[in-house]
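The exercises below are meant to be worked with the sequence and the coordinates open side by side. Try each task before reading its solution.

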Amino acid sequence: MPTLLAPGGSREMAAAAVDEGADVVYVGPLGWSRRPAESEMTDDDIKSAIDYAGARGRQVRIVLNTFPSTFEMDDFLAKVQRYADYGCSGFIVTDPGAIALIRRMLPETVIHVSIGSGITNAWDARFYRDLGADMIILPYRWGETEVEQVSRCSDIGLEVFLFETIQTGKICPGKCIMSSYLKYREWLPAEGKGESFGSANRGAKECYRVCQVQWDFTSGSEAAQSLKLRRDARLMLDQLPRMLALGVECFKLSGRERPTPMIRDLVRFYRKVLDGIVDGSRLDMGVYGEDLAVLRSRWIVEKNKRVDNLMSRATPAEVAAPRWGTA
Ligand code: SF4
C-alpha cells in the first residue's frame, strides 16, 4: 500500500488529515522546519499530534530540514531524541551530516530526505541511501524516466509530491539561496536559538517565495521582460497510476501553510483516488475531473494569497515596492 503523507501545519490540521485518512502526517518544530512560525508547532503540540495519530493507528514524522550549524547540532539531536521518545515514526531531514547522525542514534527510525537536499540525478539519491536514508522525495520536475533511473540505481524508497511533473523552470528548488535575500527575520525566543538571524534554510522562519511572483528584468534601455522563475505547481491526477506502477511508495501533499479545510478536502480526495487504484475499483482518473478542477482552483487562489502575504513581509519599508517587481 502506498503511503499518503499529509501536512500538519497546526494541531487542527494534523487531526483533520488523520481523520480523513492520511497514513502519516508531517509536522515541523518552531525554528527547525523552514516555515513561518504560524505553520510550525511547539513541542507540546507535536506531542499531542503524535498521541492523536497514534491512538488512531497513524504516524507522525518530524520535519527537521534546516541546516544546523556545528553549534546547534547538540540542540538538534536533543530534539530528535525528544520526538523519538514522544513516539514519532521518523524524520524529514536535509543536512547530510544530520542524516548520518540520526541513523546512528536511531537505527529503526524512518529518515526521509527533504526536497531541500536539491538532488539533481539518480546517483545523488544513491548517495543518501548509502548515508542511511530510507526515502527520498523527488523534485517535481522529475517524471517517469527519472523515477525509473533512481529505482535502477538504488533501493531507496521513492516519494513524490502530488504535483504534476513540470519540466521547465529557471531555478532549481533545493539549491536556491533566495530565501536569504530581501530580509532576515529574527528567530523567536521560544526556539531557543538566542539572539540570532538567518535565512529560511537555517531556520529563520520563511522563504518569501521570490520565485513565485512576476519580475521585470531590464538590461540597459531595453524594455522590461516580465517573467516568473518557477511555474505554478498543479495537483497531480493522471500520472498517479503510472507512479504507483513504477514503485513510488509515498505520495506527499504539500501545504502546511494552507487553510485546514483545504487540506482536509485534499486528503479526503487523494485517499479515495489512491484506494481506488490500489483495489482496482477506480482506474479511470477521468471520473475525478470535476472534483479536481475545483481543488486545483482553490489551490491556486490560496497559493497566490500566501505569496502576496510573504512578499509583503519581505519588502523593506524604506524601499518603494515597484523596485521589487510586481506581485
Ligand atoms: S525562492 Fe522559491 S525555490 Fe527558492 S527557496 Fe524560496 S520557494 Fe524555494
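A residue counts as buried if 20 or more other C-beta atoms lie within 10 Å of its own, as exposed if 12 or fewer do, and as partly exposed in between. The model is a predicted one, and of the 327 residues of its chain, 40% count as buried.

**Exercise 1. Work out which residues of helix α5 are buried, which are exposed on the other side, and what the buried ones pack against.**

Solution. Begin with the burial classes: in helix α5, which spans residues 122–131, the buried residues are Ala122, Ala125 and Tyr128. These residues cover an arc of only 115 degrees around the axis, and therefore they lie on the same side of α5. The general background is that an α-helix has 3.6 residues a turn, so residues three or four places apart point the same way. Next, turn to the other side of α5, where Trp123 and Asp130 are exposed. Then ask what the buried residues meet: they pack against α4 (96–105), β5 (110–113), β6 (135–138) and α6 (144–153). Finally, look just past the helix, where α5 is followed by glycine 132, with a positive phi near 120 degrees.

**Exercise 2. Establish the order in which the eight strands of the barrel close, and examine the pairing of β7 with β12.**

Solution. First trace the secondary structure, which comes to nine helices and twelve strands. Eight strands close into a barrel in the order β1-β2-β3-β4-β5-β6-β7-β12, with parallel pairing. Neighbouring strands of this sheet are turned against each other by 25 degrees on average, if direction is ignored. Now take one pair: strand β7 (residues 157–161) and strand β12 (residues 250–252) pair in the parallel sense over three bridges. Within this pair, phenylalanine 161 has lysine 252 of β12 as its bridge partner.

**Exercise 3. Identify the residues that touch the most other members of the largest nonpolar core, and list the contacts of isoleucine 136.**

Solution. The largest nonpolar core has 72 residues, and those touching the most other members are Ala17, Val25, Val27, Ile136 and Tyr270. Helix α8 (residues 260–278) supplies the largest share of this core, namely seven residues. Isoleucine 136, leaving aside residues up to four places away in sequence, touches Val113, Ile119, Ala125, Tyr128, Ile156, Leu158 and Glu159. Apart from this core lies another, of seven residues, including Cys207, Val210, Val213 and Leu310.

**Exercise 4. Decide whether arginine 34 and methionine 262 are buried or partly exposed, and place each in the chain.**

Solution. Arginine 34 sits in the loop between β2 (24–27) and α2 (43–55), and because 28 C-beta neighbours lie inside 10 Å, arginine 34 counts as buried. The phi of arginine 34 is near 55 degrees, a positive value in a residue other than glycine. Methionine 262 belongs to helix α8, and with 17 C-beta neighbours inside 10 Å, methionine 262 is classed as partly exposed. To see what methionine 262 meets, set aside residues up to four places away in sequence, and the contacts are Arg298 and Glu302. Methionine 262 and glutamate 302 are 40 residues apart in sequence, while their C-alpha atoms are 9.1 Å apart in space.

**Exercise 5. Describe how α2 crosses helix α3 and name the residues that make the contact.**

Solution. The axes of α2 and helix α3 (residues 73–86) come within 9 Å and cross at roughly 35 degrees, and the crossing is right-handed. The contact is made by Asp43, Ile46, Lys47 and Ile50 from α2, together with Arg82, Tyr83 and Tyr86 from α3.

Technical notes: Residues are numbered from 1 along each chain as its sequence is written. This is a predicted model: local features need pLDDT of at least 70, side-chain atom pairs count only at pLDDT 80 or more; totals for chains, interfaces and linings use all residues. A nonpolar core is a set of buried Ala, Val, Leu, Ile, Met, Phe, Trp, Tyr and Cys residues joined through C-beta atoms within 7 Å. Helices (H or I, at least four residues) and strands (E, at least two) are DSSP runs, numbered from the N terminus. Two residues are in contact if their C-beta atoms, placed from the backbone, lie within 7 Å. The arc is that of the directions from the helix axis to the C-beta atoms. Two strands pair if DSSP finds at least two bridges between them. Axes are lines fitted to C-alpha atoms, for helices over the stretch in contact, and angles run from 0 to 180 degrees between N-to-C directions. A crossing is left-handed if the near helix is turned anticlockwise from the far one by less than a right angle, and right-handed if clockwise.
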